[in-house]
Amino acid sequence: MSRLRGLWARFRARRIAVAGLVVVVLLALAALGAPLLAPADPLAQPDPVALQNQPPSPEHPLGTDRFSRDVMSRLLYGARVSLGIGAAAALLAAVIGAGVGVAAGLGSPLVDQLLMRGVDVALALPRVFLLLLVLALWEGAPAGVVIVLLAVTGWFPTSRVVRALVQRLREAEFVQAARALGAGRWGLVRRHLLPHLAPAVIVAATLDVGNIILLESGLSYLGLGIRPPAPSWGNMILDGKDQLFSTPWVAAAPGLALLVTVVAFNLVGDGLQDALDPRSEK
Amino acid sequence: MSGPDATPGGPLLEIADLRVTFATGDGVARAVDGVDLVVEAGETVGLVGESGCGKSVTALAVLRLVEHPGHIAHGSRVRFEGRDLLALADRDIRAVRGNHLALIFQEPATALNPVLTIGSQIAEVIRTHQHGSRAEAKRRALEMLRAVGIPDAERRADGYAHQLSGGMRQRVLIAIALACRPHLVIADEPTTALDVTIQAEILELLDGLQRQMGMAVLLITHNLGLVAERTRRVYVMYAGQIVEEAGTEALFAAPLHPYTQGLMAAVPRLDQLRERLAAIPGQVPPATAWPGGCRFHPRCPFAFDRCNAEMPPLLPSGDGRKARCWLVEDEAYRGTGVPAHRDQQGEGGGAP
């Protein structure tokens, strides 16, 4: 599609965004390749007494934690959790948001009002507390449930953006023309609306990934997201927080990883957004 | 040739008492207010009027494309090939749109989807309405591109709208509209956005294709010159109503309605030296507040008491023509275009 190609050309002109993209790609590779890259089993506790809280060494590049587990291995496997949940929830949120936005934008004024006032109400509820409430009541909720919860509480802004775009698009003459040529409702959405919505939805989803990774880490840190012993960056920070001054690598490694990841996703999202802005076209 | 009963099978398109209203903040706008219009198979009919007179809304209403807050009033009738389009199910009207009845839009710059290839947009219409494979649709699309005179059709078909000039885009729009060989094409200001030289080319093309395919054309325009050259019959529209209906030659030889006269006086002509063009005084009133009586009376040089009080119907003037003007009953006016002694509002004793 020529439009996406143009987007890529403008994105490429922004070095910092490209740097963000490189980091995101490396992170994704690291997460995918965790079984190959990890020096040890992330759950193995070879000797909780003799090998606990080892500082970084050739054998343990990021040291070990208080159960003698290899931090590097846990970090790599934790990346799978963080990136996986972040990407899956952001994608799901984008799909729901786009669907509701299209329905509101194309539907009758009544449907539009119902959906958008519903979104207004939902946006007024504090997301973190909603998540805490559900996860506190549902102890040991599986990762799939965490993903759905994060998505279901995160699609509202996307739906507003999409609705505004659809309302503008449906006045576009080429949409009128398509109707005049006999296009049905579904054909209109598929052929004429979705290609125009895709870039904006992609940007929203990208920016959302960083957000969701942070949220999930926060939940895990509070012991509500991914349950130990399975590694996630959030519960790794939790593990290391009591020994922050004696063995800083245990909490610092996941903390830094989190920081780099979120910044990288935000850089990519911002870069995409700038590249999409027609005013930035040279 | 102009009456609804002229052909035994009924005309191709028959619009009767079409009313379209828009609920606006300033009240109800009666954008189209009781339009009757007939197009016979194969003929070219003009619909002329200023911006805002309701001609484009009429076109959209025929295909039921008027969107909220617009509303086609009950009692309106649009018969096309014997079926009432306003009563069809959604599915059935979609099968008519772009298939037997196609619309050519005014703005070639915006009527094409910028992210789809030219070829796929033509193929889309064909596949919407006709069975057949993707390859067959593509082949037909290329055929249409060649038919509308796009050079290097194979390459253009894979290109996008922004790679084409305005004239080329309008050719593509025509290709899309004619892809399913419609029986009637409604062309809404098809050349307004184009250069004058390109306009002529596009109209020649449309003429040629019309002869080839034997379709009828309803040409909607504000350009009287176009109407004079291309149509057989003309409807003149003002303030949501048809105000005059006539054969093109007769209309241009002797316009009956004072509004039509005004329109013609406002067209620059090479064969007459005039200091300045005559403009019709005043402005088209807003559709939320049509004046009472004859809608043209506040701007009419011949208006008299009755015009203010009573809306004239479309009055027949004997030779198959009709005009919505009380003066049609005045024999002297019909002959000369100037009313006999009347008490004129605007002029103090200018009448002979």
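**Exercise 1. Find the residue in β11(B) that stands opposite B:Arg233.**

Solution. This is a predicted model. Start at B:Arg233, which belongs to strand β10 (residues 233-238) of chain B. Look across to β11(B): the residue opposite is B:Gly247. Now check the directions. β10(B) and β11(B) run antiparallel and are joined by 6 bridges. Last, look at the turn. The two strands form a hairpin with 2 residues between them. B:Ala239 in that turn has a positive phi of about 50°.

**Exercise 2. Decide whether strand β11 (residues 241-247) of chain B is mostly covered or mostly open.**

Solution. Count the buried residues. A residue is buried if 20 or more other C-beta atoms lie within 10 Å of its own C-beta. In β11(B), 6 of the 7 residues are buried. The strand is mostly covered.

Next, consider its other pairing. β11(B) also pairs with strand β13 (residues 322-323) of chain B. That pairing is antiparallel, over 2 bridges. Here B:Glu245 stands opposite B:Lys322.

**Exercise 3. Place β10(B) and β11(B) in their sheet, and name the edge strands.**

Solution. Recall the general rule: strands of a sheet pair through backbone hydrogen bonds, either parallel or antiparallel. Then read the strand order in chain B: β7-β8-β9-β3-β10-β11-β13-β12. The sheet is open, has 8 strands and shows mixed pairing. Its edge strands are β7 (101-104) and β12 (315-316) of chain B, each pairing on one side only.

Now find a parallel pair. Strand β3 (residues 44-48) of chain B and strand β9 (residues 216-221) of chain B pair in the parallel sense over 5 bridges. One bridge links B:Gly46 with B:Leu219 in β9(B).

Finally, see what lies across β7(B). Helix α6 (residues 166-178) of chain B lies across β7 and β8 (184-188) of that chain. The helix runs at about 170° to β7(B).

**Exercise 4. Work out how the compactness of chain B compares with that of a globular protein of its length.**

Solution. First list the parts: chain B has 12 helices and 13 strands. Then compare two values. The radius of gyration is 22 Å, and the globule rule gives 20 Å for 352 residues. These are close, so chain B is as compact as a globular protein of that length.

Add the box: the C-alpha atoms fill roughly 75 × 50 × 45 Å along the principal axes. Buried residues make up 44% of the chain. Last, take contacts between residues at least 6 apart in sequence: 63% of these join residues at least 24 apart.

Terms used: Residues are numbered from 1 along each chain as its sequence is written. Chains are lettered from A and ligands numbered from 1 in the order in which they are written. This is a predicted model: local features need pLDDT of at least 70, side-chain atom pairs count only at pLDDT 80 or more; totals for chains, interfaces and linings use all residues. A residue is buried if 20 or more other C-beta atoms lie within 10 Å of its own, exposed if 12 or fewer, and partly exposed in between; C-beta atoms are placed from the backbone. Helices (H or I, at least four residues) and strands (E, at least two) are DSSP runs, numbered from the N terminus. Two strands pair if DSSP finds at least two bridges between them. The radius of gyration is taken over C-alpha atoms; the globule rule is 2.2 Å times the number of residues to the power 0.38. Two residues are in contact if their C-beta atoms, placed from the backbone, lie within 7 Å. Axes are lines fitted to C-alpha atoms, for helices over the stretch in contact, and angles run from 0 to 180 degrees between N-to-C directions.
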